[in-house]
Amino acid sequence: MPTAPDTIHYINTFFARQPIFTRDQSVWGYQLLYRHRRESIQADYSDDDLATLSVIENALSSPQRRGAPGKKICIHFTQNTIMHDLPLTLPAENTIITIGEYIKFNEAYIASIRALKRKGYGVALDAYSGQEHAASLLDFVDVVFIDVLSKTPRQIMSIMDTAKYSVFGAKRVETQRHFDAINDLGFTYFHGFFFEEPTIVPGRKLTAGQVARLSLTRVLSSPEPDFEALSHVIETDVSLSYRLFTFVNSVHFGMKQTVSSIKRAVLLLGWDLVKAWLWLVVLTDLTPPGKTSELAYMALVRGRFLREMAFTMGANAHEAESWHLLGLFSMLEAMLDVPMETLVASLPVTNTIKDALTGSCGVMCDWLTMATCFESGDFDTLDRLAQQYGSPPLNMSEAYCRALGFIKDLTLPT
């Protein structure tokens, strides 16, 4: 079996990472959409593709979580790759093998899936529609996903009745209203972009706490390191100080002694990491109860990806920071349910960034679209924009993978 190197140099693909939520909108896992060349319709993995899968898995899984239960990664494998045991390249405790009901099953295929299950892999049946020939799979799949887009509750319940006693996931839940309509039908998991849709309430204003957190972004927006200013901001906020000490003294960093000074904590973490952590604090604190924390992490990934791409395209530090801010602030409307046109007045950004955030056409708006393409798996648009701006797909995929890798271990005390 091929061995996948732990490096990003083999990435030759576009891939998308889409969250799968529980009923309370906490993240259960991620659906990984993968395409290794433009003409591919479905993944049929070569040695390089296996290397890519390993790299992406490394970007999604924290080191301290390997070997222990964590966020699941759901990946579609073809019948051929399953029968050749290629899922074994990924860790069993985190991997859900996704299969489709349209495949013509045979005994060897079923035996291969059962063998993988005995090794600890999960199995999900994707886009189940109640076809009779798929009934033989229901006794060993862990999750049955149903495509709920354009289906009425009655139609959905009819499909669910053909797979009684199964654990169900709803696929392609696109709006908050859609989520609310199917939330009581018996689904355990929900997959779609409903969580990104703002529910705009006319006249809604930011709370005093949200305004205070937005004011902190002015200090964080500087591309030049200023440890004194950053330390002072943290020292004057008891909540920030406590959370920073918890973060820096965590087992993850392997410090040999307890850190008891704010300035030393900031210096030990380094400018990039402490700023990223503070951005997570700001965005999480801005997010009201009932909204998923995935919004904050998605904003961080977008910002880091755009920053990485800016440097790849030859930008200086100030320009890269502008791209970074664009990604970070792009989720604020969904977080706060306040129109972006209102929010930009409080943001420490240039008019060019404000225009991009409010949907005005331009280069920055296009690059923000590229970031969202990695989330939705819109590879055709990604191809078109990459060609338009002369950005090699290899560079873009590596930048996105680096962004995921940088953000994955940022945590806040619960």
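**View 1. Who lines the largest cavity.** Helices here are DSSP runs of H or I with at least four residues, strands are E runs of at least two, and both are numbered from the N terminus. H11 gives the largest share of the lining of the largest cavity, three residues. Both strand E1 (14–22) and helix H11 (294–312) bring at least two residues each to that lining. This is a predicted model, where local features need pLDDT of at least 70 and side-chain atom pairs pLDDT 80 or more, while totals for chains, interfaces and linings use all residues. Residues count from 1 along each chain as its sequence is written, and side-chain values use heavy atoms, with hydrogens and water left out.

**View 2. Inside the cavity.** There's one cavity of 30 Å³ or more (on a 1 Å grid over the protein atoms alone, a set of points where a 1.4 Å probe fits but cannot get out). The volume of the largest cavity is about 40 Å³ (the space filled by probe spheres set on the points). Look for Arg17, Pro19, Tyr30, Glu294, Met298, Val301, Glu375 and Tyr400 around the largest cavity (lining residues have an atom within 4 Å of a point).

**View 3. The largest nonpolar core.** This core (buried Ala, Val, Leu, Ile, Met, Phe, Trp, Tyr and Cys residues joined through side-chain atoms within 4.5 Å; buried means under 20% relative accessible area, with a 1.4 Å probe and protein chains only) has 122 residues. Phe187, Phe305 and Leu332 have the most contacts inside it. Helix H10 (residues 271–286) gives the most to this core, 12 residues.

**View 4. Zooming in on Phe187.** Leaving out residues up to four places away in sequence, Phe187 touches (heavy atoms within 4.5 Å) several residues, including Arg23, Ile146 and Phe168.

How values were computed. On a 1 Å grid over the protein atoms alone, a cavity is a set of points where a 1.4 Å probe fits but cannot get out, and a pocket is an open set with protein on both sides within 12 Å along at least five of seven lines; lining residues have an atom within 4 Å of a point. Buried means under 20% relative accessible area, exposed over 50%, partly exposed in between (1.4 Å probe, protein chains only).
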